[in-house]
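The following exercises are to be worked with the sequence and the model side by side. Each task is followed by a solution in steps.

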Amino acid sequence: MEASGKFICRQRQVVLFFVLLGLSQAGIEPRRYSVVEETEGSSFVTNLAKDLGLGQRELSKRGARVISKGNKLHLKLDQETGDLLLNEKLDREVLCGHTDPCVLRFQVLLENPLQFFQAELQVIDINDHSPVFVDRDMLLKISESSPPGTTFPLKNAQDVDVGRNNIETYIISPNSYFRVLTRKSSDGSRYPELVLDKALDREQEPELRLTLTAQDGGSPPRSGIAQINIEVVDINDNAPEFEQSLYRVKIPEDSPIGFLIVTVSATDADIGVNGEISYSLFQASEEICKTFEINSMTGEIRLKKQLDFERIQIYEVNIEARDSGSFSGKCTVLTQVLDVNDNAPEITMSAFTRHIPENSPEAMVAVLSVSDLDSEENGKINCTIQDDLPFLLKSSLENFYTLVTERPLDRESQAEYNITITVTDLGTPRLKTQHNITVTVSDVNDNAPAFSQTTYTLRVRENNSPALHIGSVSATDRDSGANAQVTYSLLPPADPQLPLASLVSINADNGQLFALRSLDYEALQAFEFGVRAADRGSPALSSQARVRVLVLDDNDNAPFVLYPPQNGSAPCTELVPRAAEAGYLVTKVVAVDGDSGQNAWLSYQLLKATEPGLFGVWAHNGEVRTARLLSERDAVKHRLVVLVKDNGEPPRSASVTLHVLLVDGFSQPYLPLPEVAAAEARADPLTVYLVVALASVSSLFLFSVLVFVAVRLCRRSRAASAGRCSGPEGHFPGHLVDVSGAGTLSQSYQYEVYLRGGSGTSEFKFLKPNVPNFQGHSPGPEIEENANFRNDFGFSIQ
């Protein structure tokens, strides 16, 4: 049945069609089958597959089942063979009592598609009970004056079998006076009447003892006996007579015990002892004796046991009035039981599907039947469910209902429904029965995973260790089970040049991101990639998010000095005239830092000096200036060590050595430093040749560039109607050399350059800078965060 239930769940879309098909069976006569009572369980009744015109395996495929009122299953269905078998040994007397025929109604339910077939099983009685007299010793007092032909009703025997197996005839033992007649009452039962064939003579035979035999019509017949003791009494020629031979009364079934039903009355024309009357129940069955009692003196009939309309609707009670002699009279009290609404409706679940897939357009939840044992208005039923639920209760046939979904269900909105089926009758007062069922909405993969953010920004410091956890992405899925299990993966990068597979990886289970190798801010400042979150449903659903990774700079690069160049050749010598004033720009140390931000903020300081206090270094731009006026007592040669330090943590630094030569004027020939002279003396001849050749080529190239630039600048000056400038010494005009800042330089400097003629050395002489006007700002450097530096230092000559 569980497999059948699952199959039904997959066929919800066509359930309405099958319900309508079941309705078409409402007018078909029920199929009738029969079985003999006391037949052993699992006995064959019929083959339903053949009766219904179905294939042998079609019953199993369509989920056939047998259902009956109150779920009392007396039959079972072998779905493999289609055979209908007895579920247990049936006792007709237990099932139906005196009702004949004994018919058990049941239905055959085909669930897929839904179809009903009405059927009846008749339990055939067998003669398994013998007649039994309630009173096995009967005493009759018969007047000797009774004429032949007089009849005397006798107490009948009881036989729970029905039909031919019930009592057929009564037999009296052989005698000279009496014979017995078998009479039939209005309810079909047979009772004996004793007939006097010959007048009695008390003097000859004062008493008789006869044997009364009750015999049924079974094969073989069964019988029961009772003893009749007949006393011949003296003459009493008047029998009691009732006022009515038939009393009709109506009594509600909820009448209390002791309730007075009716009072019967009889009179006797005799006087004295022969006129005294006593009342008693006559030919009363066990049921009547248990239900009613009569006052022998007054004739009041009262209720002895609670009535039940659903069990017995009419009682026929025979009352006997007997005088003190041998005469008696009888009447019948016909008692009709009136129905009251004392039975609540009953609900029988024939099929129930606990789990309903979401998004199903119309799914069958349950098939149920309702019943009420009361009658008329008390037995009429209304079946309803709550109004605020997405379910419908459809009536099919003969108090059968189908509970279906009204619209597709959404598990994410509500995963469980508690449905109360209420059945109410129309009696007074109204009685109702409620049945609660819980329906669970099973999940369908209809929700894609959703990231908590559409864009994630992660920051990782450069020089990280490999396999470092740099962050996580998170996505949730509103579905459940495997449909809500999220796996993460990396999407191919939009830039094919980005080696994403070697940069990061993601944990497929929890979305944690790891850096696979050490990152270098100077090589890669940021990169972006996509992340995909997919569930494990079928088909799988997914969503995407963008992840931007910012590499944070670490102070891993020391400052690099661009000028003066640190190429291992002879040191550069700066010439300073002795006439220079305080603040005279000797040179500028130019340095860059590969880092960014405050890691690239450079500061300069004079670390060592031949003569402290003579020169100073500006901390923010690296300019080396004279601190005071020069004097004749100052040494000619000076050696300065300048320290360049960044602002990182911890700070990194570099140092550069400057050689400064004090001269009286630029006409003074260049004097090499002693260290340089000594180095040249120690150099081998080949090195000297190489140095001389390199210096010659460099001088020639520099001279050509200067001439070319000077010509262009002179033409530009003439175009601007500028006046000619003449140098204080030599034959060439003085011009300005513009040094544009690069790297960490934040200003442009112009220097007056004179080419010394006739000196034989052809060297440049830098006299003083022309600092541009900053409109109120100090000429100090402007330091910008996150500056990018080039590894070159450009000069432009105007």
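**Exercise 1. A salt bridge between two loops**

Task: State which group of Lys-155 the side chain of Asp-135 meets, and where the two residues lie.

Solution.
Step 1. In this predicted model, the side chains of Asp-135 and Lys-155 form a salt bridge, with an N to O distance of 3.2 Å.
Step 2. The bridge links distant parts of the chain: Asp-135 belongs to the loop between β8 (132-133) and β9 (137-143), while Lys-155 belongs to the loop between β10 (151-153) and β11 (157-158), 20 residues apart.
Step 3. Partly exposed residues fall between 20% and 50% relative accessible area. Asp-135, at 29%, is therefore partly exposed, and so is Lys-155, at 35%.
Step 4. As a general background, side chains of opposite charge can pair when their charged atoms come close.

**Exercise 2. Other charged pairs**

Task: Determine how many salt bridges the whole structure holds, and classify the partners of Glu-320 and Glu-412 as buried or partly exposed.

Solution.
Step 1. A search of the whole structure yields 19 salt bridges.
Step 2. Glu-320 pairs with Arg-322 through their side chains at 2.9 Å, N to O. Glu-320 is buried because its relative accessibility is 12%, whereas Arg-322, at 23%, counts as partly exposed.
Step 3. Glu-412 and Arg-411 form a salt bridge of 3.2 Å, N to O. With 14% relative accessibility, Glu-412 is buried; Arg-411 is likewise buried, with a relative accessible area of 13%.
Step 4. Elsewhere, Glu-287, Lys-305 and Arg-311 are joined into one network by salt bridges that share partners.

**Exercise 3. Two buried polar residues**

Task: For Thr-332 and Asn-343, identify the side chains with which each makes a polar contact.

Solution.
Step 1. Thr-332 is part of strand β25, which spans residues 328-338. Asn-343 lies in the loop between β25 and β26 (346-352).
Step 2. The cut-off for a buried residue is under 20% relative accessible area. Thr-332 has 17% relative accessibility and is therefore buried; Asn-343 has 17% and is therefore buried.
Step 3. The side chain of Thr-332 makes a polar contact of 3.0 Å with that of Asn-318. Beyond four places in sequence, Thr-332 is in contact with Ser-245, Leu-246, Tyr-247, Glu-316, Val-317 and Asn-318.
Step 4. The side chain of Asn-343 has a polar contact of 2.8 Å with the side chain of Asp-342 and another of 2.9 Å with that of Asp-374. Once residues up to four places away are set aside, Asn-343 touches residues including Glu-310, Asp-372, Asp-425 and Leu-431.

**Exercise 4. The largest nonpolar core**

Task: Find which residues have the most contacts inside the largest nonpolar core, and which elements give two or more residues to this core.

Solution.
Step 1. The largest nonpolar core has 26 residues, and those with the most contacts inside it are Phe-451, Val-473, Phe-527, Phe-529 and Val-547.
Step 2. Two or more residues come from each of β35 (455-461), β38 (486-490), α7 (500-503), β39 (504-506), β40 (512-515), β41 (526-535) and β42 (542-552).
Step 3. Apart from neighbours within four places in sequence, Phe-529 contacts Leu-490, Leu-500, Val-504, Leu-513, Ala-545, Arg-546, Val-547 and Val-549.
Step 4. In soluble globular proteins, nonpolar side chains tend to be buried together.

**Exercise 5. Phenylalanines with accessible area**

Task: Establish where Phe-514 and Phe-703 lie.

Solution.
Step 1. Phe-514 is in strand β40. Its relative accessible area is 22%, so Phe-514 is partly exposed.
Step 2. The C-alpha atoms of Phe-514 and Leu-503 are 8.4 Å apart in space, and the two residues are 11 residues apart in sequence. Leu-503 is also among the residues that Phe-514 touches, as are Ala-467, His-469 and Ile-470.
Step 3. Phe-703 is in helix α9, residues 685-719, and is partly exposed because its relative accessibility is 47%.
Step 4. Phe-703, Val-707 and Val-711 make a nonpolar surface patch of about 250 Å².

**Exercise 6. The whole protein**

Task: Give the number of helices and strands, and the share of buried residues.

Solution.
Step 1. The protein has nine helices and 55 strands.
Step 2. Of its 798 residues, 42% are buried.
Step 3. Among contacts with a separation of 6 or more, 67% are between residues 24 or more positions apart.
Step 4. The exposed area is about 41800 Å², of which carbon and sulfur atoms supply 51%.

Definitions and conventions. Residues numbered from 1 in each chain as written. Predicted model: local features only at pLDDT ≥ 70, side-chain atom pairs only at ≥ 80, totals over all residues. Heavy atoms only, no water. Core = buried A, V, L, I, M, F, W, Y, C linked by side-chain atoms within 4.5 Å. Buried < 20%, exposed > 50% of the residue type's maximum accessible area, 1.4 Å probe, protein only. Helix = DSSP H or I, 4+ residues; strand = E, 2+ residues; numbered from the N terminus. Contact = heavy atoms within 4.5 Å. Polar contact = N/O pair within 3.5 Å; in protein donor to acceptor, adjacent residues only side chain to side chain. Patch = residues over 30% accessible without salt bridge, like charges linked within 9 Å, V, L, I, M, F, W, Y side chains within 5 Å. Areas by Shrake-Rupley, 256 points an atom, 1.4 Å probe, with all protein chains shown as cover. Salt bridge = Lys/Arg side-chain N within 4 Å of Asp/Glu carboxyl O.
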